[in-house]
Amino acid sequence: MSDQPVLLKVDGPIARIVFNRPKVLNALSVDAADAFLSACKSVAADKENRVVIIAGEGRAFMAGGDISAFQGPADEVRRHVPTIMEPLHEGLEILAGLPQPVIASLHGAVAGAGMSIALSTDLAIAADNAIFTLAYSKLGTSPDGSSSWTLPRLVGLRKAMEIALLSDVYDAPEALRLGLINRIVPAADLASETEKLARRLADGPTFAYGQAKALLRGSLDNSLHDQMEAEAKAFGACIGTKDFAEGVNAFLAKRQPTFTGK
C-alpha cells in the first residue's frame with residue numbers, strides 16, 4: 001500500500017480521493033491536509049472528471065484530526081493549527097464549487113474533521129457500521145471543516161446545536177433519520193454501492209448538476225426574488241449545453257438520454 005497520506009485514483013470519469021493513514025484511523029495531519037488540497041486541485045483541473053468520491057482506507061473513514069499535534073503551549077498550537085485547517089478549508093471550498101457531484105463513502109468512525117468533511121459533500125452513503133460524532137466540544141474547541149455552516153442547513157439550528165454542543169455518538173440509522181447521510185448499505189456492499197451511485201451520476205448532465213449545486217448551496221442566503229433570478233440565469237446557461245439538447249430530443253423521442261457532461 002502507498003505511504004501517501006491521501007491517494008487520488010482516477011477511473012475514467014470518476015475520481016476518488018482516499019484518506020490513507022489507516023493505522024491511525026486516517027487522522028488528519030498537516031501532510032494529509034496538504035495532500036487533500038493537492039488532490040482537490042487536481043480534480044478541479046481535470047475536465048474529464050464527472051463525479052468525485054471521498055473515502056478512507058482501513059477500519060474508518062476518519063476519526064478526526066491528529067490530536068497529538070495539539071499538545072504544547074497555546075501559542076505553539078495556535079501557530080500549528082492553521083497548517084492543517086487552511087488547506088482543509090481550501091480543499092472543501094474547491095469541492096463545493098465543482099460542477100461535479102461529490103459523494104462521501106463512509107464506514108467506521110466518522111468523527112471530528114471526518115464528520116465535517118462528510119457533511120460538506122453533496123451526497124453521503126454510509127455502511128451500516130458507521131458511527132458519527134462531531135466531537136469538537138470534547139476537546140474543548142469549536143467546530144471547523146465547514147461543519148458549522150453545513151450542519152444547521154442539514155438538520156436545522158436547534159438539532160445542530162445539540163450535535164455540536166453535546167458531541168453525542170450517532171449510529172448509521174440515526175444519522176439517516178437526521179438527514180446527515182442519504183442512504184445506508186451493508187458494510188460489505190459499501191464499495192459496490194458507492195460505485196453504482198457514482199456511475200449513475202457520471203452518466204448524468206454534469207453542467208446542470210453544477211448549476212443545481214450552486215443554486216441549492218446559495219439558496220438560504222438569498223431572498224425569494226434573488227433565488228428565482230439565479231434559477232433563471234442557471235436555466236439559461238443550461239440551454240446552451242449539448243446535454244440540454246440531448247435531454248429534450250430524448251424526451252420527445254421517448255428514449256433514454258445519453259449525456260456527455262458538455
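What follows is a short chat about pockets and a sheet in a predicted model.

Me: What should I know about the model before I start?
Reply: Residues are numbered from 1 along each chain as its sequence is written, and side-chain values use heavy atoms, with hydrogens and water left out. As the model is predicted, local features need pLDDT of at least 70 and side-chain atom pairs count only at pLDDT 80 or more, while totals for chains, interfaces and linings use all residues.

Me: How much space lies in the largest pocket?
Reply: Rolling a probe the size of a water molecule over the atoms shows where empty space is left. A pocket here is an open set of points on a 1 Å grid over the protein atoms alone, where a 1.4 Å probe fits, with protein on both sides within 12 Å along at least five of seven lines. The largest one holds about 610 Å³, a volume being the space filled by probe spheres set on the points, joined across faces, edges and corners.

Me: Which residues are closest to its centre?
Reply: Thr121, Asp122, Leu154, Leu216 and Arg217, out of 24 that line this pocket; lining means having an atom within 4 Å of a point. Helix H8 gives the most, five residues (helices are DSSP runs of H or I, at least four residues; strands are E, at least two; both numbered from the N terminus).

Me: And how do I read the sheet?
Reply: Strands of a sheet pair through backbone hydrogen bonds, either parallel or antiparallel. Pairing here takes at least two DSSP bridges. This open sheet has three strands, ordered S5-S7-S8, with mixed pairing. S7 and S8 run antiparallel, joined by two bridges, and Phe132 stands opposite Tyr170.
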